[in-house]
Amino acid sequence: MTDPSLILSLTVPQLLRRRAEDGRTGIALSARALGGWRDRLTYGQLVQRMEAVAAGFAALGLGAGDRIGVLLGNEAGRECLLTALGALRIGAAVVPFNTRASDEEFGHALALAAPAAVVCAAAGASRVARLAPAVRLLVVGEGGPEGAGAWPEPLGSGFGAPPPENPDPDRLGCLLFTSGTTARSKAVMHSHATMLGAGLACGAALGLRAEDLYQGGWPFFTSSPLNLGAMSCWIAGAGLVLEEPLDNRGRLDLIASERTTFYHGVPSVVHFMMEEFARAPSDVSSLRRVGYGGAAMPPDVIRRLAAHWPDVEQVQIYGMTESGPSGTRLEPERMEEKIGSIGSAMPHCTVSIVDEAGGPLGPGETGEILLRGPGVAKGYFRNPEATAEAFVLGGIRTGDVGHLDADGFLYFTDRRKDVINRGGLKVASVAVEEVLYRHPSVREAAVIAVPHRALGEDVAACVVPREPGGVDTEALAAFCAERLADYARPRRWLVLDELPKNPMGKVLKTELRARFAASAGT
């Protein structure tokens with residue numbers, strides 16, 4: 001099944017049924033259950049589990065048009081993905097919530113998505129009940145507040161048959177939250193068609209094969225487990241190995257035990273894992289490729305990876321939640337020649353550089369990166385203004401700045417959107433600034449990215465006190481810890497008498513970065 005038009009005419013459940021009908025006996029999904037065991041499912045078994053969860057949801061009164069939230073981490077990767085498939089099977093949309101969000105961030109996400117139910121563990125159920133008492137709870141495992149229901153475990157008692165399917169590839173399939181340049185997260189709308197479109201483009205860009213076992217440790221609340229990992233693997237007929245939270249030795253051990261052939265992670269994870277391997281080599285003989293994306297990979301790390309694992313090919317991709325995350329790829333055979341580039345357009349995609357008015361720019365000209373392709377989302381949920389601004393010209397304006405060379409290879413040069421990329425997790429500077437401005441001792445605040453040796457970027461805050469000497473950065477850190485996700489909290493601080501600004505009053509963050517570097521001695 002290689003015809004793109006056929007793939008894009010299907011729903012996700014239809015794709016899985018076709019794969020099961022192919023008679024494939026290899027693994028379709030390997031994921032840890034909340035109970036601590038790892039479930040390894042063939043395509044036929046995965047379809048059976050999907051149907052059972054769908055029947056359970058239907059028995060609970062959930063159906064087409066509903067939104068089903070998931071507040072679970074990768075320690076329950078099995079339940080995350082089976083919930084997603086059960087929701088898609090009944091015509092509902094899955095909404096992965098950020099398990100690391102602060103109460104304020106999570107409360108906003110709950111209010112925006114308005115889920116018909118949230119699947120969670122007992123601890124998460126108590127949190128949802130506190131923040132949104134009216135939301136229906138479906139608890140995996142034991143416990144949970146009074147009145148909570150049970151998640152429909154597919155290995156439990158029968159739920160009857162799922163409802164008849166009304167296959168519509170344009171039906172909403174998932175809502176994925178993304179940090180942008182606003183203090184409030186936006187929910188990106190992906191249909192079945194754009195989910196499969198992302199998998200079609202990303203799988204081809206990665207070079208996935210039917211015999212591959214693709215391992216990734218992406219948090220379930222990002223676009224990577226569903227649209228990148230699962231859809232790419234299942235279109236190719238390959239198997240997805242979803243990591244639970246592991247340290248670097250654990251990742252290497254999982255590669256050895258699962259006989260992983262393709263490892264994919266953010267650059268910091270790949271870097272740390274390689275360093276662990278250098279300290280204590282392990283069996284990675286099954287690996288044929290390593291992929292990375294979500295942040296820039298330093299050229300020296302690319303070369304060190306090639307030296308440590310000379311028989312393992314490397315591939316880099318670039319995209320964003322709104323694009324699927326399809327976009328560009330840098331293939332192994334061009335890695336050294338085009339080092340520093342983030343690649344050329346993925347199959348089925350185009351990349352162009354545009355000016356402020358959306359006009360095309362030529363090779364070597366710097367402007368905003370515009371991505372087009374079958375994985376581009378339908379827009380932002382309940383946010384037509386932001387949709388109209390970003391989803392234009394048949395694609396998505398990324399907010400990133402770069403240029404194309406004469407061969408069509410993309411070079412990232414700057415960030416129009418002021419988003420910090422901390423180890424692949426995106427932090428909106430304005431969201432952190434908005435929290436800092438709430439503290440009574442802060443007169444002005446500006447949040448910037450500063451270099452981090454392992455994570456690529458870290459969060460730094462520059463603050464101006466209301467009164468001289470009136471800022472306690474430890475107190476500010478504690479204040480932020482109550483209101484921001486752990487990865488979004490400033491780790492480094494600079495107290496200034498005033499923020500540098502241009503004649504129009506705009507804060508000069510380039511100057512702040514220079515001042516911070518001088519102050520921090522980096």
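In the predicted model, Gly-265 stands opposite Tyr-292 of strand β13. The two strands concerned, β12 (residues 262-265) and β13 (residues 289-293), pair in the parallel sense, and four bridges join them. Both belong to an open sheet of nine strands, in which the order is β2-β1-β11-β10-β12-β13-β14-β15-β16 and the pairing is mixed. The edges of this sheet are formed by β2 (38-42) and β16 (344-345), each of which has a single partner strand, so that one side of each is left without a neighbour in the sheet.

Within this order, strand β11 stands between β1 and β10. Strand β1 (residues 27-32) pairs with β11 in the parallel sense over three bridges, and Ala-31 has Leu-242 as its bridge partner in β11. On the other side, strand β10 (residues 213-216) also runs parallel to β11, with four bridges between the two, and here Leu-213 is placed opposite Gly-239 of β11. From β10 the chain passes through helix α8 (residues 224-236) before it reaches β11, and the resulting β-α-β crossover is right-handed. In a regular strand the side chains alternate between the two faces of the sheet. In β11 (residues 239-242), Gly-239 and Val-241 point one way, whereas Leu-240 and Leu-242 point the other way, and all of these residues are buried. Burial at positions of both orientations is thus found in β11, the strand that pairs with β1 and with β10.

The connecting helix α8 is likewise mostly covered, with twelve of its 13 residues buried. The buried positions include the polar residues Ser-224, Asn-227 and Ser-232, together with Leu-226, Leu-228, Met-231, Trp-234 and Ile-235. The helix is not straight throughout, since a kink of about 30° is centred on Ala-230, a residue that is itself among those buried in α8. After α8 comes Gly-237, for which phi is positive, near 85°.Helix packing was examined for two pairs, and two packed helices are described by the angle between their axes and the distance between the axes. Helix α2 (residues 12-21) packs against α8 at an angle of about 40°, and their axes lie 9 Å apart; α2 and α8 are therefore oblique to each other, and their crossing is left-handed. In the second pair, helix α3 (residues 43-59) and helix α4 (residues 77-89) pack at an angle of about 65°, with 8 Å between their axes. With this angle, α3 and α4 are therefore roughly perpendicular to each other, and α3 passes α4 in a right-handed crossing.

Two further helical residues were considered for their accessibility and their separation from other parts of the chain. Phe-272 is located in helix α10 (residues 267-279) and, at 25% relative accessibility, counts as partly exposed. The C-alpha atoms of Phe-272 and Asn-248 are 6.5 Å apart in space, while the two residues are 24 residues apart in sequence. Asp-103 lies in helix α5 (residues 103-113) and also counts as partly exposed, at 29% relative accessibility. For Asp-103 and Ile-420, which are 317 residues apart in sequence, the C-alpha to C-alpha distance is 21 Å.

Definitions and conventions
Residues numbered from 1 in each chain as written. Predicted model: local features only at pLDDT ≥ 70, side-chain atom pairs only at ≥ 80, totals over all residues. Heavy atoms only, no water. Buried < 20%, exposed > 50% of the residue type's maximum accessible area, 1.4 Å probe, protein only. Pairing = 2+ DSSP bridges. Right-handed = clockwise from strand over helix to strand, strands pointing away. Bend = angle between axes of the 7 residues up to and from the residue. Axes fitted to C-alpha atoms, helices over the stretch in contact; angles between N-to-C directions. Parallel < 35°, antiparallel > 145°, perpendicular 65-115°, else oblique. Left-handed = near helix turned anticlockwise from the far one by under 90°.
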